[in-house]
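Hello,

I am passing this structure on to you, since you have not worked with it before. Please have a look at it first, and then read my notes below.

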Amino acid sequence: MARTLRGLAFALALGAWSPPVGAEPPLLGLPADCEPGRTCWLVNLFDHDPGAGTRDYACGDKTYDGHDGTDLALRDLAEMARGVAVLAAAQGRVLRVRDGEADHDGSPQSLRGVAGRECGNGVVIDHGDGWETQYCHLRQGGILVRPGAVVARGDRLGFVGMSGRTEFPHVHVALRRNGKEIDPFVGGTEAQAPGECGLGAHPAWRDDTLRVLDYRTGMLFNRGFATGTPDPEDMRKGRYAADRLPLDAPALVLWFELFAPRLGDTVAFSIIDPVDRVVFEQRKMIERDQARLYVFGGRRRPGTGWPAGRYVGRIDVIPGTAHTRPQSTEITVDLQ
């Protein structure tokens, strides 16, 4: 993905509209029709490190080398198939679109043919005076706008997909001024100085958008119950989303996924039966930095069988640094 994502430079006829001279920098709204921290997750930010290292705007590592935008991810492919709209972050005129790139499964084999088309299906919007936003990885066949169309903030451009170079369904939104990539959390046209941390004096996000794009949320994003060892690919496809399981299930397994857990983070999780007995609990320390991690644990059906009723899975994520907020969640499943 890296900085080559700016290359949505395919030839299409442009409208005759001329951008206003001296236009103010756009203030960006949320680029997807979702609720950050609940139905979508802020997973990768702009990389400010000019070399081979990584540094996001908060001097953390919620990014990867050369990443030139902001990523909002969905839970799984089933959520993508249901349809989550990509939204214009600000008013402007559509410059370019690309559709027809296949959605794939994120496997290494499926990524071999995307060189030069890393953005996948996408849209570029002109906001005037050299300002542009670009939206990548949209779902094939779902682009809703054409070059020359005028869009307002919040208008639908298409749907979150899995096209281009991506390993999970998300929308990548990039902000540029005269071709220079800009981090909307910093704003302006000057790069963040080495060692400088935190939001810029004039971020490009609207205030209401900044409030929901909380840097410290987003590690814990997916969870559920299974009746045996869950398969990561089936998790990705949303096949463990049932809220009811058979009473004769051979095992009861709580599973969850984490974005970007770091060395020293800890997860504690447990299963509680209908009469408030703990039937399983485990505590696990993260032993190395990872981009994405699946965790699961549970117990086999006892000899006396499962008591019928509602089971509660509790998950606590305790970060090893102040960069991420502690997170806790509970989910339930009925055994009948």
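A term to start with: a salt bridge here is a side-chain nitrogen of Lys or Arg within 4 Å of a carboxyl oxygen of Asp or Glu. Please keep in mind that this is a predicted model.

**Salt bridges**

There are 13 salt bridges in the structure. In general, oppositely charged side chains can pair when their charged atoms come close. One of the pairs is Asp-334 with Arg-310, where the closest N and O atoms are 3.0 Å apart. This pair links distant parts of the chain, as Asp-334 sits in strand β18 (residues 327-335) and Arg-310 in strand β17, 24 residues apart. The two partners differ in cover: Asp-334 is buried because its relative accessible area is 13%, under the 20% cut-off, while Arg-310 is partly exposed at 48%. A network is also found here: Arg-314, Asp-316 and Glu-330 are joined by salt bridges that share partners.

Another pair is Glu-257 and Arg-292, with 3.2 Å between the closest N and O atoms. Glu-257 belongs to strand β13 (residues 251-259) and Arg-292 to strand β16 (residues 292-300), so this salt bridge ties together parts that are 35 residues apart in sequence. Are these two residues buried or exposed? Glu-257 is buried, with a relative accessible area of 0%, and Arg-292 also counts as buried, at 18%.

Then there is Arg-206, which forms a salt bridge with Asp-208; their closest N and O atoms are 3.1 Å apart. Arg-206 is partly exposed, with a relative accessible area of 25%, and Asp-208 is partly exposed too, at 34%.

**Strand β14 and its partners**

Now to a strand that I would suggest viewing next. Strand β14 covers residues 266-272, and six of its seven residues are buried. Which strands does β14 pair with? One is β15 (residues 278-285), which runs antiparallel to β14 and is joined to it by seven bridges. Within this pairing, Ala-268 stands opposite Arg-283. The two strands make a hairpin with five residues between them, and Asp-276 in the turn has a positive phi of about 65°.

The other is β17 (residues 309-318), again antiparallel and again over seven bridges. Here Phe-269 of β14 has Ile-315 as its bridge partner. Strand β17 is thus a good place to finish, as it also holds Arg-310, the partner of Asp-334.

Enjoy exploring it!

Best wishes

Terms used: Residues are numbered from 1 along each chain as its sequence is written. This is a predicted model: local features need pLDDT of at least 70, side-chain atom pairs count only at pLDDT 80 or more; totals for chains, interfaces and linings use all residues. Side-chain values use heavy atoms; hydrogens and water are left out. Buried means under 20% relative accessible area, exposed over 50%, partly exposed in between (1.4 Å probe, protein chains only). Helices (H or I, at least four residues) and strands (E, at least two) are DSSP runs, numbered from the N terminus. Two strands pair if DSSP finds at least two bridges between them.
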